[in-house]
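Okay, thanks for squeezing me in. Have a look at the model on the screen, and I'll talk you through a few spots in it.

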Amino acid sequence: MEIEKYQIDAHNEKLTAAHQQRFSFAASENAKVEEVITKLIKFQIAIPSWALGTGGTRFGRFSGGGEPRSLEEKIEDVGLLHKLNQSSGAISLHIPWDIPTDYDAIKSLATHHGLRFDAMNSNTFQDQADQKLSYKFGSLQHVDKGVRQQAIDHNIEVIRQGVALGSDALTVWLADGSCFPGQLNFRKAFQNTLESLEEIYAALPDAWKVFVEYKAFEPNFYSTTVGDWGQSLLYASKLGPKAYTLVDLGHHLPNANIEQIVSLLLMEGKLGGFHFNDSKYGDDDLTAGSMKPYQLFLIFNELVEGMDAKGIDHATGLGWMIDASHNVKDPLEDLLQSVEAIMISYTQALLVDREALNIAQQENDVVRCQEILQDAFRTDVRAIVQEARLRTGGAAQPVQLYRGLKVRENLISNRGLKTVATGL
Ligand code: PSV
Ligand code: MN
Ligand code: MN
C-alpha cells in the first residue's frame, strides 16, 4: 500500500490551527528556530531492514502480522515511514537476511520511495544453510585461516552488493569472542581479526567507509574481540582513514558515559556512525528515547558541539541509523516513535546556548552549566519538529495518521497474518 498526498493533507488540515498556535509560541521563544528547521529537514535517519518485522527473544516470538516478506516489501515499509515523517529517507540492509537480486529494480523501487541505501551490514555471526565452515568459534578471529577467509569473502561480497545499490559504507559487527576463560588467546584473536579486517579494508572502493561496531557482551559471555570503543578505535586506527568506530547505544556496560565516548571519538575524527536504540539492562534494542531521553539529548549535545567544532555537516558527516527490535509493539509505529525521539533530542541539542555554556565552563560555574543544558532539554520542541515535517509534506502526527489509515490492517490483508519477515 502507499499513502497518498491527499490523505496527508486531510489529516494535516484538521490539526493546523492547534499546531500554528504551539509553533508560534515555540518560534517566539527561540531566535534560532528557522536555522534549526533547515537542519531538521536535511537530517535523515536510516531504518534497518531487520527492524520491520516483529523481533523476538530466545523465549519466543509473537508475530504482529503483515510483516514484509521480501526486500521489496521492506523498502515499501520504509517508504511508508518516510512518507509520514519525511525523516527516514534511507534503508540499511543486512546480508544475507536481505537478498538483492535485480539491483536496478531494487534501486528504482528505493528511488520511487525517496530512499537511499545506507551502510551495508555483513553477517558472520550465524551459519547459513549453504555455508562450508562454521562460525561457532568465531569468524574473522578464527584459529583456522579457512574460516577467516570465508568470512572475509562474505564481507567483500557485501561490499560488491553495496556498490551495485549505491551504498558507500560497510558495517562489521562481530560476535567473535569467547565464553570461558582460557578459551582464547586474546592477542592472537585480535591479530587474526586485524589481518582479516585489513583484507576487507583493501577491498573498499575509494569513497567507501568501514564501520567497526563494538559490543560488550552477547552472544559471547566472557570476552568479545571488539568489545568496547577502545578496541574498535584500535582496529580503526590501524586500518586507516576509511575505518571508523560505530557506536550502538545498547552495546555498553551499565552506566557507561556514552556522551563522553562520542565526544572523544569525534575529536579523533574516528566516529563513523550510530545505531540508535534504548535499553535498561543490556542490548535491549528498545525504542530510542523510551528509557533514557536525557542520555540521548546529552549524546546529541556532544555530537552537535563536536561536529560544529570540526565543521562536519550534521546530516551527511556521520551514518545515522536505528538498530532496534520490537517484541510487543507494531514495528512501524515503534520506528516512527524512535525517529521522533531522535529528532527531538537533536533539536534540543541545537537549542543549547553554546556561548553561554562555554563561559560558564570557563568560570567553573557548575550550576549555570546545568541550568543551560537542562533549559534546552526541558524545552518542548515537538512543534518545531512537526513544523519541519509539515514543510516537507509529512504528516502532523505520523502515528495518529498511521492508525487512522489502518496501515497495519491493510498490510495484514495484503500479506497475511502469519508472516515471517526474512532474517528474523
Ligand atoms: C548486534 O547486537 C547488532 O547491534 C549488530 O548491529 C547487528 O548487525 C544487529 O544487532 C542485528 O542483529
Ligand atoms: Mn547494532
Ligand atoms: Mn545490538
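For 424 residues, a compact globule would come out with a radius of gyration near 22 Å, and the protein chain has 22 Å, so the two agree. Keep in mind that this is a predicted model. If you lay the C-alpha trace along its principal axes, the span is about 65 × 60 × 40 Å. In terms of secondary structure, the protein chain has 15 helices and 11 strands.

Now the ligand. Which residues sit around ligand 1? Going along the chain, you've got Trp50, Asn121, Trp173, Glu213, Lys215, Asp248, His275, Asp283 and Asp323. Split that shell by class and you get five charged, two polar and two nonpolar residues.

Next up, helix packing, and I've picked two pairs. Helix 11, residues 354-362, packs with helix 12, residues 366-377, at an angle of about 160 degrees, and their axes are 8 Å apart. Anything over 145 degrees counts as roughly antiparallel, so that's what we call helix 11 relative to helix 12. The crossing of these two is left-handed. On the helix 11 side the contact uses Ala356, Leu357, Ala360 and Gln361, and helix 12 brings Arg368, Cys369 and Ile372. By class, the contact of helix 11 with helix 12 has five nonpolar residues, one polar and one charged.

The other pair is helix 1, residues 5-29, and helix 13, residues 382-391, whose axes come within 9 Å and cross at roughly 130 degrees. That angle makes helix 1 oblique to helix 13. Here, too, the crossing is left-handed. From helix 1, Asn12, His19, Arg22, Phe23 and Ala26 meet Ala383, Ile384, Gln386, Glu387 and Leu390 of helix 13. The class count for this contact is five nonpolar, three polar and two charged.

Last bit, the backbone oddities. Most peptide bonds are trans, and most residues other than glycine have a negative phi. So where are the exceptions I want to show you? There's a cis peptide bond between isoleucine 95 and proline 96, with omega about 10 degrees. Proline 96 is in the loop between strand 2 and helix 4. Another cis bond joins glutamate 218 to proline 219, again with omega about 10 degrees, and proline 219 lies in the loop between strand 7 and strand 8. Then there's aspartate 285, which isn't a glycine but has a positive phi, near 55 degrees. You'll find aspartate 285 in the loop between strand 10 and helix 9.

That's my tour, over to you.

Definitions and conventions:
Residues numbered from 1 in each chain as written. Chains lettered and ligands numbered in written order. Predicted model: local features only at pLDDT ≥ 70, side-chain atom pairs only at ≥ 80, totals over all residues. Near = placed C-beta within 6 Å. Nonpolar A, V, L, I, M, F, W, Y, C, P; charged D, E, K, R; others polar. Axes fitted to C-alpha atoms, helices over the stretch in contact; angles between N-to-C directions. Helix = DSSP H or I, 4+ residues; strand = E, 2+ residues; numbered from the N terminus. Parallel < 35°, antiparallel > 145°, perpendicular 65-115°, else oblique. Left-handed = near helix turned anticlockwise from the far one by under 90°. Contact = placed C-beta atoms within 7 Å. Rg over C-alpha atoms; globule rule 2.2 N^0.38 Å.
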